[in-house]
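Q: Got a minute to go through a model with me? I'd like to start with one residue and work outwards.

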Amino acid sequence: MANNMTLLWCTFSVPCWRVMIALEEKMLQGYNQTLLDFDKEEHKSTIVMDLNPRAQLPTFKHGDCIVNESYGACMYLENQFRSQGTQMIPEGLAEQALMYQRMFEGQTFYEKLSDVVYYEYYVPQGERHDSAIRRNKDNLAIEIKLWEGYFQKMEAGSYLAGKAFSRCPHTFSYVV
């Protein structure tokens with residue numbers, strides 16, 4: 001079933017991990033996969049650019065369908081293989097709302113974390129400012145306090161995405 005699926009991915013990529021975990025949760029083993037090396041700029045190769053002109057990973061293809069955003073690929077997999085493997089989207093409206101809220105809030109957390117972790121990698125030495133580093137760290141600290149508040153308000157036996165549901169499409173509990 002998964003032999004008509006292809007995933008182009010790279011190491012140390014949370015978005016790539018999301019899709020890989022979703023494929024496993026939906027029991028879709030045996031898909032074609034290619035590990036690409038960013039340092040060698042393989043993400044800019046013809047094979048990627050033909051499927052994803054932004055040269056971003058992951059790049060996911062199922063038959064003629066191409067989904068290049070990790071959240072979109074996870075939601076696509078849940079929609080196409082709803083009755084297979086782990087249910088990744090809860091049925092109740094309130095549970096869905098909370099799951100989607102946490103799922104997309106997770107992206108905000110990841111962006112603020114990346115602003116701190118990757119600052120020196122992306123910002124050239126002559127353009128770095130202590131005030132930017134301080135601002136990025138302060139923004140991350142505020143975001144962490146928000147998430148700590150979510151954890152403190154959780155009922156015993158509950159999860160970030162609700163009491164009856166532990167996994168969301170972006171598999172937050174696995175990756176963050």
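Q: Lysine 26, buried or exposed?
A: Lysine 26 is buried, with a relative accessible area of 0%. Buried here means under 20% relative accessible area, exposed over 50%, and partly exposed in between (1.4 Å probe, protein chains only).

Q: What does lysine 26 form a salt bridge with?
A: With glutamate 78, the closest N and O atoms being 2.8 Å apart. A salt bridge is a side-chain nitrogen of Lys or Arg within 4 Å of a carboxyl oxygen of Asp or Glu.

Q: Where do the two residues lie?
A: Lysine 26 is in the loop between H1 and strand E2 (32-35) and glutamate 78 is in helix H3, so the pair ties together parts 52 residues apart in sequence. Glutamate 78 also counts as buried, at 1% relative accessibility. Helices (H or I, at least four residues) and strands (E, at least two) are DSSP runs, numbered from the N terminus.

Q: Before I go on, what are the ground rules?
A: This is a predicted model: local features need pLDDT of at least 70, side-chain atom pairs count only at pLDDT 80 or more, and totals for chains, interfaces and linings use all residues. Residues are numbered from 1 along each chain as its sequence is written, and side-chain values use heavy atoms, with hydrogens and water left out.

Q: How many salt bridges in the whole structure?
A: Three. One of them joins glutamate 143 and lysine 112, with the closest N and O atoms 3.5 Å apart. That pair links distant parts of the chain, glutamate 143 being in helix H6 (residues 130-153) and lysine 112 in helix H4, 31 residues apart.

Q: And how accessible is lysine 112?
A: Lysine 112 counts as partly exposed, at 26% relative accessibility, while glutamate 143 is buried at 6%.

Q: Switching topic: which domains does the assignment give?
A: Domain 1 (5-81) and domain 2 (93-153); the bounds come from an automatic or database domain assignment.

Q: How many salt bridges between domain 1 and domain 2?
A: Zero. About 490 Å² is buried between domain 1 and domain 2, and carbon and sulfur atoms give 64% of that area. Buried area is the accessible area (1.4 Å probe) that two parts lose on being put together, summed over both.

Q: Which elements give two or more residues to the domain 1 side that touches domain 2?
A: Helix H1 (14-25) and helix H3 (70-80). H1 gives the most, with three residues.
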